[in-house]
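Student: I have a model open and would like to go through it with you. Can we start with the open spaces and then turn to the strands and single residues?

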Amino acid sequence: MNITISGLHLKSNPKIKEYAQTKIEKLGKYHPKIEKIAVRLILEVAHRGQDQDYICEIDVAIPGHNLEIKDSERSMDKAIDKASERMKNVLVRHKEKHLSREHKRGILNKIRSKF
């Protein structure tokens with residue numbers, strides 16, 4: 001599993017990258033066939049005295065599929081947490097769908113072999 005973390009309009013802050021790295025590494029246990037994960041941390045500049053928004057985009061490459069999640073919050077930590085939690089749910093759902101298809105194929109093959 002290859003993890004790439006990049007930032008846009010952010011000052012170089014190693015604590016944020018370390019935090020994102022630890023959160024994203026945990027996604028590996030929810031799907032066994034993850035090839036690579038790309039994380040983009042973006043600072044969206046606010047206008048006219050509004051608060052700044054932080055955006056976390058996570059792209060996961062699985063053989064045959066690319067899964068993408070994008071979340072924004074007022075804090076970078078919260079954006080990373082929210083995006084990683086949503087990606088966890090997507091990975092679990094994708095894995096369950098794939099396993100149920102494999103299970104159905106196995107049952108059909110077993111039935112066909114009896115006849």
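Student: Which residues line the largest pocket?

Tutor: Bear in mind that this is a predicted model. The largest pocket has a volume of about 250 Å³. Its lining consists of His31, Pro32, Lys33, Ile62, Pro63, His65, His94, Lys95, Lys97, His98, Leu99 and Arg101.

Student: Which element gives the largest share of that lining?

Tutor: By class, the lining has four nonpolar, four polar and four charged residues. Six of the lining residues come from a single element, and this is the largest share. That element is helix 2 (residues 76–114).

Student: In which sense do strand 1 and strand 2 pair?

Tutor: Take strand 1 (residues 2–8) and strand 2 (residues 36–44). Threonine 4 stands opposite alanine 38, and serine 6 has arginine 40 as its bridge partner. The pairing runs over seven bridges, and its sense is parallel.

Student: What is the hand of the β-α-β crossover between strand 1 and strand 2, right or left?

Tutor: Follow the chain out of strand 1. It passes through helix 1 (residues 14–25) and then enters strand 2. This crossover is left-handed.

Student: What is the bridge partner of alanine 38 in strand 3?

Tutor: Alanine 38 sits in strand 2, where it also stands opposite threonine 4. Strand 2 pairs with strand 3 (residues 53–62) in the antiparallel sense, over nine bridges. In strand 3, the partner of alanine 38 is aspartate 59.

Student: How far is isoleucine 69 from aspartate 59, C-alpha to C-alpha?

Tutor: Isoleucine 69 belongs to strand 4 (residues 65–73). Aspartate 59 is ten residues away along the chain. The two C-alpha atoms are separated by 6.6 Å.

Student: Is isoleucine 69 buried or exposed?

Tutor: Isoleucine 69 touches Cys56, Glu57, Ile58, Ala83, Arg86, Met87 and Val90, leaving out residues up to four places away in sequence. Its relative accessibility is 7%. The cut-off for burial is under 20%, so isoleucine 69 counts as buried.

Student: Which residues does methionine 87 touch, beyond those up to four places away in sequence?

Tutor: Methionine 87 lies in helix 2. It is buried, with a relative accessible area of 0%. Its contacts are Leu27, Ile58, Val60, Leu67, Glu68 and Ile69.

Student: How far apart in space are methionine 87 and asparagine 109?

Tutor: Along the chain, 22 residues separate methionine 87 and asparagine 109. The distance is taken from C-alpha to C-alpha. It comes to 33 Å.

Student: Why does serine 84 count as buried?

Tutor: Serine 84 has its place in helix 2. It touches Lys23, Ile24, Leu27 and Ile58, not counting residues up to four places away in sequence. Burial requires a relative accessible area under 20%. Serine 84 counts as buried because its value is 7%.

Student: Lysine 23 is in contact with serine 84. What is the exposure class of lysine 23?

Tutor: Lysine 23 is found in helix 1. Leaving aside neighbours within four places in sequence, it contacts Ile80, Asp81 and Ser84. Its relative accessibility is 24%. Buried is under 20% and exposed is over 50%, so lysine 23 is partly exposed.

Student: How far is lysine 23 from alanine 83 in space?

Tutor: In sequence, lysine 23 and alanine 83 are 60 residues apart. From C-alpha to C-alpha, the distance in space is 9.9 Å.

Conventions. Residues numbered from 1 in each chain as written. Predicted model: local features only at pLDDT ≥ 70, side-chain atom pairs only at ≥ 80, totals over all residues. Heavy atoms only, no water. 1 Å grid on protein atoms, 1.4 Å probe; cavity = no way out; pocket = protein on both sides within 12 Å on 5 of 7 lines; lining within 4 Å. Points joined across faces, edges and corners; volume = space filled by probe spheres on them. Helix = DSSP H or I, 4+ residues; strand = E, 2+ residues; numbered from the N terminus. Nonpolar A, V, L, I, M, F, W, Y, C, P; charged D, E, K, R; others polar. Buried < 20%, exposed > 50% of the residue type's maximum accessible area, 1.4 Å probe, protein only. Contact = heavy atoms within 4.5 Å. Pairing = 2+ DSSP bridges. Right-handed = clockwise from strand over helix to strand, strands pointing away.
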